[in-house]
Amino acid sequence: MDPFDIISWVDQHRAQMIEFLQALVRIPSVTGNELGIQKFLKNYLLQAGFQVDSFVPNLEELSKHPAFVHVDVESYANRPNVVATLKGVGGGRSLLFNGHVDVIPEGPASNWMYGCWSAEIADNRIYGRGTSDMKSGVAAFTMALDAIVKMGIKLKGDVIAEYVIDEELSGNGTLACVMAGYRADAGICCETSSMCIQPASIGRIWFEINIRGKAAGIQKRFDGISAIELGYKVTKIIEAYEQLRLNTVSHHLYPNIIESIPCSVGIFESGSYASAFPDECVLKGSIATVPGEDSDTVKQEFVDYILEQTKNDEWMAANPPEIIFKGYFADPSELPKDSPIVECLSHHYEAILGETAVISGRQGAADTRFLNTYGQTPTVIFGPGMTEQMHANNEWVDIDDYLNSIKVLIATVIDWCGVAE
């Protein structure tokens, strides 16, 4: 199909495509509350002529998988995945799209220039929670497939579109799709990529460090050892560990390594009462990893470094911090830059937009790790949302990026899957 025809068709249906994204943004879908948006998507996809499967991930079965991430819920009841299939006539390659429908909490209303769920348009941007991460990506591949159907194009290969839950806290929604047997010859995850084509994503390891001081009464505080002071020392040790990694870790898709592998404390908790001596401290933070690193090795190196450095403190040498890895976890993931799906997507990016695509590594974890490692579906990341807008106040997506991504995806699907004569 001529690129001009694709560009023209999307431009003619611009208003409808913008309205679809706005409709998604206006449905609050904070992690744990995905039912409303999944009902909306299921109904839309059925009316558009797709085969639709909706199923609730089985937490007990998921927990048996080596990639399972523990979550503090008893079940995923009322939190279904939705999977739509556009069947081809046969003889072509299959393609899988993946996107998550859950978003992080909205935060204080005062942080928003426009309402969190307003989907307000200003300065060629749509504002609202999830506009970038990643309802614009979900809307983009949905509109691309919808366009192919409405244009009357008959594909040879099948297309599968996964709309998954619980990405923000675990990724178990995508894991459930893998365990359900959904796979294809290649995949595109439309996560935030700032319109870059990204064959790689970083990993993320959450940690918790429990530090014990020496208890004392407030009047005898000079006899105690403050857990706040100990916590500060450990925080500085973690900063030194990050610097060590910045000097030793590298990856060709992450040239600006300082932005790619943060290792930092995000929560510092100590003390229980304004007039009591603080004898306990908890630090919570995360370590990022790049493809090629083994997560278990990085964990052990982190523990060894912290324990070795705290030996310089007399109290912590005898009372070492307790280091626990809990909460979110993601392995890094990578495809070769010359993978067929990367080359196909890059070709059509240039053909549609008239410029060479930037090939980079995503500075965030992604569900591609399940698809690449366990799902036999080599998956690349490409989406209209800006990585810098992930979890941001006044989150927004550029409308031109959104529409351009739809054009690129239409061309890629047609080429990859093939068109029946």
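**Note on the packing around helix H13**

1. The axes of helix H11 (residues 340-353) and H13 come within 9 Å of each other and cross at roughly 130°. H11 is therefore oblique to H13; the class applies because an oblique angle is one that is neither under 35 nor over 145 degrees, nor from 65 to 115. The crossing of these two helices is right-handed. The model is a predicted one, and the points below should be read accordingly.

2. Which residues make the contact of H11 with H13? On the H11 side they are Pro340, Ile341, Cys344, Leu345, His348, Tyr349, Ile352 and Leu353. On the H13 side they are Asn404, Lys407, Val408, Leu409, Ala411, Thr412, Asp415 and Trp416. Sorted by class, the contact of H11 with H13 holds 11 nonpolar, three polar and two charged residues.

3. H13 (residues 399-417) also packs against helix H1 (residues 3-12), at an angle of about 135° and with the axes 10 Å apart. H1 and H13 are therefore oblique to each other, and their crossing is right-handed. H1 contributes Ile6, Ile7, Val10 and Asp11 to this contact, while H13 contributes Leu403, Ile406, Lys407, Ile410, Ala411 and Ile414. The contact of H1 with H13 divides into eight nonpolar, no polar and two charged residues. Lys407 and Ala411 of H13 appear in the contact with H1 and again in the contact with H11.

4. A further neighbour of H13 is a sheet. Three strands form this open sheet in the order E4-E5-E17, with antiparallel pairing. Strand E4 (121-122) and strand E17 (396-398) are at the edges and have a single partner strand each, so one side of each lacks a neighbour in the sheet. E4 pairs with strand E5 (residues 125-127) in the antiparallel sense over two bridges. Within this part of the sheet, isoleucine 121 stands opposite isoleucine 126 in E5.

5. Helix H5 (residues 131-150) packs on the sheet and touches E5 and E17, its direction making about 50° with that of E17. H13 lies across E4, E5 and E17 and runs at about 60° to E17. E5 and E17 are thus named in the contacts of H5 and also in those of H13.

6. Is serine 405 buried or exposed? This residue is found in helix H13. Its relative accessible area is 1%, under the 20% cut-off, so serine 405 counts as buried. Apart from neighbours within four places in sequence, serine 405 is in contact with Ala140, Met195, Phe382 and Pro384. Of these, Ala140 falls within the residue range of H5.

7. Some backbone geometry deserves a check by eye. The peptide bond from aspartate 133 to methionine 134 is cis, with omega near -15°. Methionine 134 has its place in helix H5, the helix that packs on the sheet.

8. Two residues other than glycine carry a positive phi. For glutamine 376, phi is near 50°; this residue lies in the loop between helix H12 (368-373) and strand E16 (379-381). Glutamine 376 is partly exposed, with a relative accessible area of 46%. Histidine 391 has a positive phi of about 65° and is found in the loop between E16 and E17. At 41% relative accessibility, histidine 391 also counts as partly exposed.

9. Strand E3 (residues 95-100) is mostly covered, six of its six residues being buried. Leu95, Phe97 and Gly99 point one way from the strand, Leu96, Asn98 and His100 point the other way, and all are buried.

10. Which strands pair with E3, and in what sense? E3 pairs with strand E6 (residues 159-164) in the parallel sense over six bridges, and in E6 the bridge partner of leucine 95 is valine 159. E3 and strand E7 (residues 186-189) also run parallel and are joined by four bridges. In E7, the bridge partner of asparagine 98 is cysteine 189. The pairing of E3 with these strands is parallel, whereas that in the sheet E4-E5-E17 is antiparallel.

Methods. Residues are numbered from 1 along each chain as its sequence is written. This is a predicted model: local features need pLDDT of at least 70, side-chain atom pairs count only at pLDDT 80 or more; totals for chains, interfaces and linings use all residues. Side-chain values use heavy atoms; hydrogens and water are left out. Axes are lines fitted to C-alpha atoms, for helices over the stretch in contact, and angles run from 0 to 180 degrees between N-to-C directions. A crossing is left-handed if the near helix is turned anticlockwise from the far one by less than a right angle, and right-handed if clockwise. Contact means heavy atoms within 4.5 Å. Ala, Val, Leu, Ile, Met, Phe, Trp, Tyr, Cys and Pro count as nonpolar, Asp, Glu, Lys and Arg as charged, and the others, Gly among them, as polar. Two strands pair if DSSP finds at least two bridges between them. Buried means under 20% relative accessible area, exposed over 50%, partly exposed in between (1.4 Å probe, protein chains only).
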